[in-house]
Amino acid sequence: MTEYSNIVAAEHKFATDEERHLLLAVKNGNRQAYHQLYHRYIGQVYALCYRLTGDKSLAEDASQEVFIQLWRKIGDYSEQSKFSTWLHTVTSHITISYIRKQRGWVQRMLNIESSSAVNDIAEASAGEVDIEKYVLRLPERARIVFVLHAIEGYRHEEIAQMTNMAIGTSKAQFHRAKQLLEEWMGYA
């Protein structure tokens, strides 16, 4: 058994060293390394952006903003945590800021009728239950809090700080999201 645990430990260390070399190259301005980093993480970044924005186009734009900021701020990464963890936090912050900026310009004042998510749900058969589609229907603040807390695992204190809302508001938005989801899915 010791033989296998050493192999696992060596594989883990190798992956960490590989990522360190890649990050060091990016920090030194290597665009090819940045390109590799982009392709390694774009799927995860886009998925989080999509869950937070609820809109494919906004998620694409927010993802690009994340990687633009990543190029500019890669020097801020201090290796105190896993890169993927740091990138997740950066993505959450940038996407929330992006939503705030876009909200005024696009005037997305929680209008569910104009959301593409409603059209997607209308096309789904009655027998299908796809939680993602229901999450996309949630009002913006409730959706953000629900995604950050229930899916991404942030505490309400962290969400409050990230979104500039009170802890109680975060909890209330989460409760509201749960109630709406239960109602829409027929559990209420």
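1. R40 first. This residue lies in helix α2. R40 is partly exposed, at a relative accessible area of 35%. Setting aside residues up to four places away in sequence, R40 touches E18, E19 and L22. All of this is read from a predicted model.

2. Overall make-up. The protein has 9 helices and 0 strands. Along the sequence the pattern runs α-α-α-α-α-α-α-α-α. Of its 188 residues, 36% count as buried. Among contacts with a separation of 6 or more, 62% link residues 24 or more positions apart.

3. The largest core. In soluble globular proteins, nonpolar side chains tend to be buried together. Here the largest nonpolar core holds 27 residues. The members that touch the most other members are L37, F67, L70, I74, F83, W86 and L87. At least two core residues come from each of α1 (2-27), α2 (31-53), α3 (56-73) and α4 (83-106). Helix α2 gives the largest share, 8 residues.

4. W86 in detail. Which residues does W86 contact, leaving aside its neighbours within four places in sequence? They are L70, K73, I74, D76, Y77 and S81. Two of these partners, L70 and I74, are also named above among the core members that touch the most others.

5. The second core. A separate core of 22 residues includes A142, V145, F146 and F174. F174 is the member to look at here. Its place is helix α9 (residues 167-184). Is F174 buried or exposed? With a relative accessible area of 14%, F174 is buried, because the cut-off for that class is under 20%. Beyond its neighbours within four places in sequence, F174 contacts V145, F146, H149, A150 and H156. F174 and A150 are 24 residues apart along the chain, yet their C-alpha atoms are separated by 8.5 Å.

6. Helix α2 against α7. The two helices pack at an angle of about 135°, with axes 7 Å apart. They are therefore oblique to each other. On the α2 side, L48, R51, L52 and T53 make the contact. On the α7 side, R143, I144, V147, L148 and I151 do so. By class, the contact of α2 with α7 has 6 nonpolar, 1 polar and 2 charged residues.

7. Helix α7 against α8. Helix α7 covers residues 140-151 and helix α8 covers residues 156-163. Their packing angle is about 140°, and their axes lie 10 Å apart. That makes α7 oblique to α8, because the roughly antiparallel class needs an angle over 145 degrees. The crossing of α7 and α8 is right-handed. From α7, I144, V145, L148 and H149 take part; from α8, H156, I159, M162 and T163 meet them. This contact of α7 with α8 divides into 5 nonpolar, 3 polar and no charged residues. I144 and L148 of α7 also appear in the contact with α2.

8. Helix α8 against α9. How are α8 and α9 oriented relative to each other? The packing angle is about 105°, with axes 8 Å apart. The two helices are therefore roughly perpendicular to each other. Helix α8 brings H156, E157, I159 and A160. Helix α9 brings I167, S170, K171 and F174. The residues of this contact divide into 4 nonpolar, 2 polar and 2 charged. F174, already named as part of the second core, is one of the α9 residues here. H156 and I159 of α8 also take part in the contact with α7.

9. Backbone points to check. Most residues other than glycine have a negative phi. E79 has a positive phi of about 65° although it is not a glycine. E79 is in the loop between α3 and α4. This residue is partly exposed, with a relative accessible area of 43%. N164 also has a positive phi, about 60°, and is not a glycine. Where does N164 sit? Its place is the loop between α8 and α9. N164 is exposed, with a relative accessible area of 64%.

Note on methods. Residues are numbered from 1 along each chain as its sequence is written. This is a predicted model: local features need pLDDT of at least 70, side-chain atom pairs count only at pLDDT 80 or more; totals for chains, interfaces and linings use all residues. Side-chain values use heavy atoms; hydrogens and water are left out. A nonpolar core is a set of buried Ala, Val, Leu, Ile, Met, Phe, Trp, Tyr and Cys residues joined through side-chain atoms within 4.5 Å. Buried means under 20% relative accessible area, exposed over 50%, partly exposed in between (1.4 Å probe, protein chains only). Helices (H or I, at least four residues) and strands (E, at least two) are DSSP runs, numbered from the N terminus. Contact means heavy atoms within 4.5 Å. Axes are lines fitted to C-alpha atoms, for helices over the stretch in contact, and angles run from 0 to 180 degrees between N-to-C directions. Angles under 35 degrees count as roughly parallel, over 145 as roughly antiparallel, 65 to 115 as roughly perpendicular and the rest as oblique. A crossing is left-handed if the near helix is turned anticlockwise from the far one by less than a right angle, and right-handed if clockwise. Ala, Val, Leu, Ile, Met, Phe, Trp, Tyr, Cys and Pro count as nonpolar, Asp, Glu, Lys and Arg as charged, and the others, Gly among them, as polar.
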